Structure formats: structure tokens, C-alpha cells
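Thanks for coming, everyone. Let's take a quick tour of one structure. Please look at the screen.

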Amino acid sequence: MRTVTATTTIDDLDDFLAEIEAISEATGATVQCFDADYVAGNRHLRRAVELAARAREQGTAVADDPAVEILLYAAGRRQINQALEIGVSEGDAAVVSVVSGGDEAAAEQQMRELLGASDASHAGDGSTLGNEDTIRAFFDIGDAELAVVDGDLEAIVIERVALLDVEK
């Protein structure tokens, strides 16, 4: 799995999604983009990718599209319309894209070009990408829960992602 982060402007969401689909088809990679404010860190995305791949291998995936399955796990939601909240939208935004499978290197480079990202703009392990208030509101994480895990917001989000399998 590779990630690319950048602040970009999406003028037309349908055109942007079509470009991502073209990158995916050309490289054989699964590509999914998120509003970076909702992403707790690289471990959050890595866990979502792992669980989505496992669900597809076991025949328990909810979505036909592997990228949508990643979105569902990253959001910790079974309903696509609810999971879309963490996706990208039109306008200026910080975006993080996940590239998995296929020719990851080529897909990563094409996503860098699409997003206007520099070579140094990737999420390293343990890096926090998102907005704490946005993440806490979306995943319904209160002060007491955060205190129990010594303030490791990403750990709670990863737990929410993993709990999605229990809810199936």
C-alpha cells in the first residue's frame, strides 16, 4: 500500500473520479481518495486496506468495487452513503489517496501528478493526517474513551475499523 497526500482543488467531482478510475484501470491498482481531515493516520488506512482485502478474499465484501470496500472499512460504516462523508468533494481540500495492488509505483506517480503532490508528500507510519475534532465527531469518540487509550486517537479509529467485521 502506498499513500499520497496533497492539498488540491477538485473543480468537477465526476471528472476527478473518472481520472482516478482511468489510473486504476491503467495500472491494475485499487485507488481510493479521502478527505484527509477524516484520516487518523497511516495505520488507519493500512488496516482498512488489509480488512477490505481479507473480506474480498473470504467472499464477505459488501461492495463489488475494491475501492468502495476500502472506503467502507476506513469509515467504519457498512452503508456506502454514510461512508462517503469521508470521501473527497468539490473545492479546495487536503486529500489522501491510497494505492493498493497492481503497479503501485505507477499508480502512485500518476496520483501525485493528479493531486499536484511533491515526492515528499506521503504519510509515514504513525503520522496524524486528520483534524482531531472532525475524527472524534465522525467516529463518536468522547473524552473518556480517549483517556482510556492515553490519547491515541488512531488506536480508537483502528478499533472502529476492525469492529466493522463484527457488525456484519
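Start with Asp 15. Asp 15 sits in helix 1. Keep in mind that this is a predicted model.

Is Asp 15 buried or exposed? Neither label fits. Its relative accessibility is 47%, so Asp 15 counts as partly exposed. Buried would need under 20%, and exposed would need over 50%.

Now look around it. Asp 15 belongs to a negative surface patch. The other members are Asp 11, Asp 12, Asp 14, Glu 19, Glu 90 and Asp 92. Which element gives the most to this patch? Helix 1, residues 13–27, with three residues.

Next, helix 2. This one covers residues 42–58, which is 17 residues. Here is a quick check on its length. At 1.5 Å a residue, helix 2 should span 24 Å. The C-alpha atoms at its ends are 24 Å apart, so the two values agree.

Which residues of helix 2 are buried? Read them along the chain: Asn 42, His 44, Leu 45, Ala 48, Val 49, Leu 51, Ala 52 and Ala 55. Keep the helix geometry in mind here. An α-helix has 3.6 residues a turn, so residues three or four places apart point the same way.

What comes just after helix 2? Gly 59, with a positive phi of about 75°.

Last stop: strand 3, residues 91–100. Find Val 95 in that strand. Its relative accessible area is 1%, so Val 95 is buried. Now find Tyr 38. In sequence, Val 95 and Tyr 38 are 57 residues apart. In space, their C-alpha atoms are 9.8 Å apart.

That's the tour. Over to you.

Note on methods:
Residues are numbered from 1 along each chain as its sequence is written. This is a predicted model: local features need pLDDT of at least 70, side-chain atom pairs count only at pLDDT 80 or more; totals for chains, interfaces and linings use all residues. Side-chain values use heavy atoms; hydrogens and water are left out. Patches are made of residues with over 30% relative accessible area and no salt bridge: like charges are joined within 9 Å, nonpolar side chains (Val, Leu, Ile, Met, Phe, Trp, Tyr) within 5 Å. Accessible areas come from the Shrake-Rupley method with a 1.4 Å probe; for residues, only the protein chains shown count as cover. A salt bridge is a side-chain nitrogen of Lys or Arg within 4 Å of a carboxyl oxygen of Asp or Glu. Lys and Arg count as positive and Asp and Glu as negative; His and the chain ends are not counted. The place of a charge is taken as NZ of Lys, CZ of Arg, CG of Asp or CD of Glu. Helices (H or I, at least four residues) and strands (E, at least two) are DSSP runs, numbered from the N terminus. Buried means under 20% relative accessible area, exposed over 50%, partly exposed in between (1.4 Å probe, protein chains only). The expected span of a helix is 1.5 Å times one less than its number of residues.
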